Amino acid sequence: MIRKFAILILSLLLLLFGMEKCYDFFLMKNVNLKSSYVNTHKIDADVLFLGPCEPLWMMDPDLFQKYTGLKAYNLSTVHANFAENQLMLELYLRANKRPKYLFLYVTGESVDGTFNVFNTYNFPQFIGYHRSFIKSIVQAQDSSYIYHEFFPFLKYAYYNDFVNFNAFQGLKHFLAGRSIPYFPNGYVRPHGIVWDGRLERFEKEHPKGYTFKWAPEEYGYLLDLLEMGYRNDIQIILYESPMLNEIKPFLLNRDEIKNKISNFAGEYGNNVPYWVFDTMKISDSRDYFFSILNTNNKGSAIFNKTFADYFNQWQKNNSSLK
Amino acid sequence: MQFISPLFLCFLPVVLALYYVTKPAFRWLVLLLSSLLFIGILKPEALIVLVSFSAFTFYSGKLIQAGRKYRTFIFYSALVVQSLSLILLKYMESEQGVLKLVFEEEGYRADVILLAAGFSFYTLQHMAYLADIYYDRVQADTKPLRFLLFSSFFAKFNSGPLEKAETLIAQFDRPPVSETLFLQGVQRIVLGFFKKMVLADRLAPIVSRAFTAQAHHGSLAVATSVCLFTVQLYFDFSAYSDIAIGTAKLFGIELSENFDRPFASLSVSEFWRRWHITLIRWFSNYIYYPLVYHFRKNGKLAVITAIFATFLISGLWHGIGKTFLIWSLLHAFYLSFESLTKNARLKWRHSVPATFYRAFSILTTFLLVCFSNLFFRSADMHQAKQLLTQLCSSPFGDQGFMNGFVSALAGGGYQEALFNFSVTVFLVLSFLFLEKKILARANAGNRGYLQLFILLVLIFTFGVFKNASYFIYMQF
């Protein structure tokens, strides 16, 4: 019996180890998985948009290129916090030339720590058994994930609901030789959502309003991101896109947080601008939004134009100053 | 300590090693100490409750056996104390719990559940023990520590199976485990982990979508979720039983089976002979049969009365609340109907093709059980009413098949969500289809290494490791 058990366990370990290697390979081949794609393909954009779902669903690099002439790529991922933003940038820089500009989405939600999270399942294919920068951030953000070190394949088993599909899709992409992702410029155009009801839920959950907390951990990762930009000679620009005016009365310390971000950006070497677009006219009407912080396609088209114009103007002013 | 936890996976081999290096005469002591540790890790205060009640039952048993004049008084007093404690616990656990009203503390309910971990189960075993002594079916046990082990044995502590003291205590002194029994144990444990992590926990989010955000669902999605809850409950609880039975087998102890493919039942009464078998056996032996015997002169009425009384108590045992009351009344109604129409149904059975009868009976039984479970799962009557209203609405709400049904259950129309949903449905259906063979192999002992291997691979590939949920029956 002991011999049979030993054979069974050994076979299992071998199979799991093999599966782990296959998943490592197929996930890297999945061109729809942004973390893998930016790390394995040449994008070489001049401009990057980085942040959580708001820039992901709002900032269209093609429109930006049309208005500014600069090649852009949307590096944002859903619900991502600054730590995840940092890893995405790190992975991008490993395979691509440094961008000139990086637009980082920063708002009260970003520094609060309860709205965005670290999505570990975007990165297991980059985590080995040895120490690495990626691993250190993953472990800091998701401490329970260290279990993966004890057993082969456990790093995938832990998040298999997210990873299995990506691995199978990676296999498909590998077999088909696919190299262009479903969203080639990283921008995910929202479709089919008319109104997501988040405003109503938010008002119900916080009838007396919500006070943002300034999370030191988020602030720390924001600082790391700025450092990373500085080290790589990337001009980082913090920005806040339009939000629906209806929500503003429920965000009790929004101005205070905005000032804090502005002061912080100003203090940081005086070369990190903070652009806020919350006074745009589209903020008055739900016609331009499908959620509190997300414009619909109609709203995005207007915002992208305004944003690009503002950038052009800023660039002009900046060059004349120089 | 939870069965599905890294801690348990470390705990079990250590206890096993200690068990086998200890002299056979003292092995029960290893089991006792490890059981107390198991409970202490779950909630230290639960140990005090357990030891107090075990001592109370043990010495009550001795007094009942020794006493001549006062044995009836002692027996009924002990039963009253145990019943009241159980009712108090259920009341504290319920939303209207008295302490909740006083303290209004968050997480209070979870605290009570942990404080009284296993209480519902060992109290029933204690009651049975006292009844058996009172009716001279067994002798009172003479060794208090072994009785404590009977109450606390970690393999069955949290949610059964319910065992009789004399059968379990006798096994604590048995010779070492056989190779076959050990292998059976491993296979049952792995099967339990598979059922819980791959089937029950993958079904859990699909089910909870209907029970938490039901406002958006059409009738077909709600009906499917309610049915899936029944399947989830089965996998969840039978997984617990498999792990409990398997764990006990590793120590050479055989616990009673708790499930026997209940979804293959041709009637609700058969369903109850296949579902939570040890609890139903308890209710039958200590409530149903005594009542039928007591009212035997009333013929069918005695049976109906006994059915209603048994299910009302069963509902109360599950929890205090209108939803459990309706659940129990529905089952009492089903069984009474079956009892009253037995001859007519038998006649009908012979008049239709056997395959049709079988398919029709299985489906009807399943749907009746699922309907009752709508109340079992609902947090309160408000939710139950809301779900019933939705069951009467249009099949896909105001959307089409994909959005109103598939995406509603899958948690979105994204490819990942649809992929995960499809995998879950495929695994669940495949398992139900192959269940008889899988269980037979798991119980075969020397065969089944390949099955063990496949189950382990499936656990690693599709099991829920992150945010694994508690066993549902822990709350009872």
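# A colleague's note on the two chains

1. Helices α3 and α8 of chain B are oblique to each other. This is a predicted model, and here are the numbers behind that first statement. Helix α3(B) covers residues 44-66 and helix α8(B) residues 144-152; their axes lie 10 Å apart, and the packing angle is about 125°. An angle counts as roughly antiparallel only over 145 degrees and as roughly perpendicular from 65 to 115, so this pair falls in the oblique class. The crossing of α3(B) past α8(B) is right-handed.

2. Now look at the residues that bring this pair together. From α3(B) come B:Leu50, B:Val51, B:Ser54, B:Ala55 and B:Phe58, and from α8(B) come B:Pro144, B:Phe147, B:Leu148, B:Ser151 and B:Ser152. Seven of the contact residues are nonpolar and three are polar, with no charged residue. A helix rule is handy when you read such lists: an α-helix has 3.6 residues a turn, so residues three or four places apart point the same way.

3. Next, how confident is the predictor? The whole model has an ipTM of 0.84 and a pTM of 0.87. For chain A the average pLDDT is 90, and 98% of the residues score at least 70. For chain B the mean is 87, with 91% of its residues at 70 or more. Among the elements of chain A, the mean pLDDT is lowest in helix α12(A), residues 254-267, at 86, and highest in strand β2(A), residues 72-74, at 97.

4. One stretch of chain B calls for care when you read the model. Over residues 97-106 of chain B, pLDDT stays under 50, and the model has eight contacts for this stretch beyond four places in sequence. Helix α5(B), residues 98-103, has the lowest mean pLDDT of the elements of chain B, 43. At the other end of the range, helix α12(B), residues 268-274, has the highest, 95.

5. Where do the two chains meet? The contact takes 17 residues from chain A and 18 residues from chain B. On the side of chain B that touches chain A, three helices each give two or more residues: α10(B) (179-212), α20(B) (415-444) and α21(B) (449-462). Of these, α21(B) gives the most, with eight residues. Eleven residues of that side of chain B are nonpolar, four are polar and three are charged.

6. Helix α19(B), residues 401-410, is worth a visit in the viewer. Which of its residues are buried? They are B:Gly404, B:Phe405, B:Ala408, B:Leu409 and B:Ala410. The cover over these buried residues includes α10, α11 (219-250) and α20 of chain B. Just after the helix comes B:Gly411, with a positive phi near 90°.

7. One of those covering helices can be followed in detail. The axes of α11(B) and α19(B) are 8 Å apart, with an angle of about 40° between the helices, and α11(B) passes α19(B) in a right-handed crossing. B:Leu220, B:Ala221, B:Thr224 and B:Ser225 of α11(B) make the contact with B:Gly404, B:Phe405, B:Ala408 and B:Leu409 of α19(B). This contact has five nonpolar and three polar residues, and no charged ones.

8. The loop between α18(B) (381-391) and α19(B) holds B:Ser394. Is B:Ser394 buried or exposed? A residue with 12 or fewer C-beta neighbours within 10 Å is exposed, and B:Ser394 has 12, so it counts as exposed. Leaving aside residues up to four places away in sequence, B:Ser394 touches B:Gly218 and B:Ser219. The C-alpha atom of B:Ser394 is also 9.5 Å from that of B:His217, although the two residues are 177 apart along the chain.

9. For chain A, try helices α5(A) (residues 82-95) and α7(A) (residues 133-141). Their axes come within 11 Å and cross at roughly 165°, so the two helices are roughly antiparallel. The crossing is left-handed. A:Ala83, A:Gln86, A:Leu87 and A:Glu90 of α5(A) meet A:Phe133, A:Ile134, A:Ile137 and A:Gln141 of α7(A). Five of these residues are nonpolar, two are polar and one is charged.

10. Finally, here are two backbone details. Most residues other than glycine have a negative phi. A:Asp44 has a positive phi near 50°, in the loop between α2(A) (34-40) and β1(A) (47-50). A:Phe153 has a positive phi near 70°, in the loop between α7(A) and α8(A) (154-157). A:Asp44 counts as exposed because it has 12 C-beta neighbours inside 10 Å, whereas A:Phe153 is buried, with 23 other C-beta atoms within 10 Å.

Key: Residues numbered from 1 in each chain as written. Chains lettered and ligands numbered in written order. Predicted model: local features only at pLDDT ≥ 70, side-chain atom pairs only at ≥ 80, totals over all residues. Contact = placed C-beta atoms within 7 Å. Helix = DSSP H or I, 4+ residues; strand = E, 2+ residues; numbered from the N terminus. Nonpolar A, V, L, I, M, F, W, Y, C, P; charged D, E, K, R; others polar. Axes fitted to C-alpha atoms, helices over the stretch in contact; angles between N-to-C directions. Parallel < 35°, antiparallel > 145°, perpendicular 65-115°, else oblique. Left-handed = near helix turned anticlockwise from the far one by under 90°. Buried ≥ 20, exposed ≤ 12 C-beta atoms within 10 Å, placed from the backbone. pLDDT = per-residue confidence, 0-100.
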